[in-house]
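This briefing introduces a structure to a reader who has not met it before. Please consult the sequence and the model alongside the points below.

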Amino acid sequence: MFRKGLMLLLAVCLAISGAHAKKEPYKVGAVFAITGPASWLGEPERNTVQMIAEQVNKEGGINGHPLELIIEDTAGDETRTVNAVNKLINKDKVLAIVGPSRSGTTLAVVPIVERAKVPLISCAAAEAIVSPPEKRRWVFKTPQKDSDAVIRIYEHMKERGITRIAILTGTTGFGAQGRKQLKKYASKFGIEIVADETYGPRDTDMTPQLTRIKASGARAVVNWSIVPAQSIVPKNMRQLGMTIPLYQSHGFGNIKYVKAAGEAAEGVIFPCGRLLIAEQLPDDHPQKKVLMEYKRAYERKFKEPVSTFGGHAYDAFWLVINALKEVGPDRAKIRDYIEHVKGFVGTGGIFNFSPKDHNGLTKDAFAILTVRKGRFTLLED
Amino acid sequence: MSTSVLLQLLFSGITVGSIYALTALGFNLIYNATGIINFAQGEFVMLGGMTAAWLAGAGFPLWVSFVLSVALVAALGASFERLCIHPLRSPQILSLIMITIAGSILFRGAAMFLWGKQTVYLKAFSGERPVKFLGAALHPQTLWVLGTALVITICLHLFLCYTLLGKAMRACASNRTAARLTGIPVDRIVLLSFTLSAGIGAAGGVVVTPITLMDYQQGTLFGLKGFSAAILGGLGNPNGAFAAGLMIGALESLSAGLVSSHYKDAVALVALLAVLCFRPEGIWGTTTRR
């Protein structure tokens with residue numbers, strides 16, 4: 001009796017696994033800074049790709065093939081990212097890679113994926129990731145460009161007749177890149193930078209820098225960083241009685257920074273993707289449907305507010321899934337497919353890739369947002 | 001450069017400096033009782049701030065959060081001593097210091113798991129409206145930080161110099177064996193010093209959180225700067241630590257405001273090194289200490 005039962009169980013097991021093994025799974029790798037100092041980037045990214053993979057598999061996979069997602073943690077560290085990517089390519093033999101989260105870690109693995117000819121879609125911002133295009137054949141990225149954020153800020157200043165400004169930047173990679181772009185584009189918009197100050201990533205008080213800025217006669221301040229300094233600068237400005245407008249980078253797109261700054265955050269102006277103000281978009285806005293779907297699904301599942309960083313992973317992963325749907329498990333064909341995607345509506349904007357542009361977004365991907373009554377509000381689309 | 005700008009820079013320096021001073025005090029207390037540097041001191045500051053923010057977020061009034069947070073962290077300091085420092089049979093300075101480093105990593109990790117990686121914040125105790133003085137603005141919370149640091153320094157000074165218990169504590173540091181021979185319960189003194197310094201650190205953490213905000217990694221910075229202040233002021237000298245904390249803060253702020261913010265930390269560090277070159281025992285330290 002016992003033996004019979006066992007045989008039956010075995011048969012059932014075989015039948016089940018047989019049914020599953022009918023079609024080969026499609027393997028996609030994901031490398032994010034899930035722990036470490038950039039975990040606030042990596043966590044929502046990891047959550048997002050897991051959520052999408054579950055959804056795709058529940059709906060029967062890609063053309064009947066189950067989607068197998070292999071996630072590696074980089075801890076935001078270059079060496080670990082290199083190891084993770086090597087493992088994904090050589091051991092797991094993935095078809096494409098989503099991530100990494102940070103610019104530095106992405107640049108570290110660019111030569112590897114170029115050599116191994118594996119498509120990589122980065123969720124990091126730096127423009128060097130996709131330029132020069134002839135040396136970045138296999139690399140794409142989904143976040144908007146820093147220079148476009150700068151251009152949107154300068155355009156907004158010009159409309160308001162602001163020509164003398166102060167810039168305040170963190171000494172992190174993101175802050176340093178922002179400083180470079182801010183200085184590069186200022187003269188094109190007839191803007192003069194009358195004060196140029198920096199601060200360390202863990203500094204807790206920027207009143208010395210702001211005191212200098214106050215004395216410089218600037219008519220607006222641009223603060224560029226991703227650290228909590230984004231909450232401290234508005235507080236310090238209020239403390240010094242400074243009433244000139246404060247512009248911040250798209251790094252300000254996290255409602256917790258607004259809460260931390262309290263009343264001082266009111267009126268801060270910054271360029272950002274439209275995810276955070278999806279409800280405020282008109283119903284006929286082309287991105288509205290995608291944004292609302294992602295936002296609802298994410299917030300229901302993880303009980304935390306959606307962030308633009310998770311959105312970058314959302315865009316990257318869907319690009320890969322769409323490519324797999326169209327061209328099947330072939331790395332070169334996936335690359336070619338993504339390079340010619342036009343009009344892909346993502347959370348970061350509407351993507352139009354080309355052999356010369358592996359980012360596919362223009363400055364229109366940014367809207368200008370402000371803070372009113374403790375909430376993000378659309379100021380100018 | 002007008003007086004109001006200079007004054008403003010000085011005010012900023014005092015704000016940051018009093019934070020450093022508060023952390024430095026905790027370093028001193030444990031050093032005074034055990035002769036070791038407690039590298040988990042910055043973490044006590046962080047835990048104080050995080051706990052208070054968490055309690056305040058749970059709906060407790062501010063002062064209750066303050067008191068509870070200090071009590072909780074002090075209890076944690078006590079249990080840290082009982083569980084990790086005390087069981088060592090023949091404690092060597094180096095191994096004790098290693099334990100405190102391990103403790104700091106543990107506390108940081110625990111805080112990350114408990115409260116996540118996000119920055120937390122606390123309402124300012126008496127509003128956000130800056131106090132104006134000769135054209136310079138001072139955040140009212142700065143007065144709280146400065147006041148807390150001042151009160152704690154004075155109390156510590158009185159405690160260490162004029163009470164039996166305080167004198168016993170100093171005796172433990174200068175010679176453990178001799179202290180035990182005269183009947184001082186060294187064990188309990190060490191326990192007390194950890195409890196007190198954890199509590200002091202936590203109090204500091206609570207009062208600075210409205211200014212600096214707090215996250216699980218912030219303790220490292222406080223620890224580092226507080227340690228610099230403790231060294232500069234002369235280890236074991238609370239008054240010196242207080243003054244040195246303010247000095248480092250003022251130096252940072254003045255160099256950021258007058259020279260360039262790009263070199264802010266460098267200027268403060270070079271000044272620290274220069275002082276230590278000529279007076280390795282710190283400005284107000286005494287050479288007779290071991």
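Pro100(A) lies in the loop of chain A between strand S3 (96-98) and helix H4, and the peptide bond that leads to Pro100(A) from Gly99(A) is cis, with omega near -10°. Helices (H or I, at least four residues) and strands (E, at least two) are DSSP runs, numbered from the N terminus. This is a predicted model, in which local features need pLDDT of at least 70 and side-chain atom pairs count only at pLDDT 80 or more, while totals for chains, interfaces and linings use all residues. Residues are numbered from 1 along each chain as its sequence is written, chains are lettered from A in the order in which they are written, and side-chain values use heavy atoms, without hydrogens and water.

**Further backbone features of chain A**

- A cis peptide bond also joins Ser131(A) to Pro132(A), with omega near 0°; Pro132(A) is located in the loop between S4 and S5.
- Asn63(A), although not a glycine, has a positive phi of about 50°. Asn63(A) belongs to the loop between helix H2 (39-58) and strand S2 (67-73).
- With a relative accessibility of 43%, Asn63(A) counts as partly exposed (buried means under 20% relative accessible area, exposed over 50%, partly exposed in between, with a 1.4 Å probe and protein chains only).
- Lys303(A) is not a glycine either, yet has a positive phi of about 55°. The loop between H10 and H11 holds Lys303(A), which counts as exposed at 70% relative accessibility.

**Helix H4 of chain A**

- The 14 residues of H4(A) (residues 103-116) should span 20 Å at 1.5 Å a residue, and the end C-alpha atoms are indeed 20 Å apart; the expected span is 1.5 Å times one less than the number of residues.
- H4(A) has a kink of about 35° at Val109(A), shortly before Pro111(A); the bend is the angle between axes fitted to the seven residues ending at a residue and the seven starting there.
- Among the buried residues of H4(A) are Thr105(A), Val109(A) and Glu114(A). The buried residues of this helix pack against helix H3 (78-90), strand S4 (120-122) and strand S5 (139-141) of chain A.
- Lys117(A), just after H4(A), takes a positive phi of about 55°.

**Aromatic rings**

- Over all chains, the structure holds 21 aromatic pairs (rings of Phe, Tyr and Trp, the last by its six-membered ring, pair if their centres lie within 6.5 Å; planes under 30 degrees apart count as stacked, over 60 as edge-to-face and the rest as tilted).
- Tyr294(A) and Tyr314(A) form a tilted pair, at 4.6 Å centre to centre and 40° between the planes. Tyr294(A) lies in helix H10 (residues 288-302) and Tyr314(A) in helix H11 (residues 308-327), so the pair ties together parts that are 20 residues apart in sequence.
- Tyr294(A) is buried, with a relative accessible area of 1%, and Tyr314(A) is buried at 11%.
- A cluster linked by ring pairs includes Tyr298(A), Phe302(A) and Trp318(A).

**Domains of chain A**

- The domain assignment gives domain 1 (25-144 + 289-360) and domain 2 (146-272); such bounds come from an automatic or database domain assignment.
- The C-alpha centres of domain 1 and domain 2 lie 30 Å apart.
- Contact (heavy atoms within 4.5 Å) involves 6 residues of domain 1 and 7 residues of domain 2.
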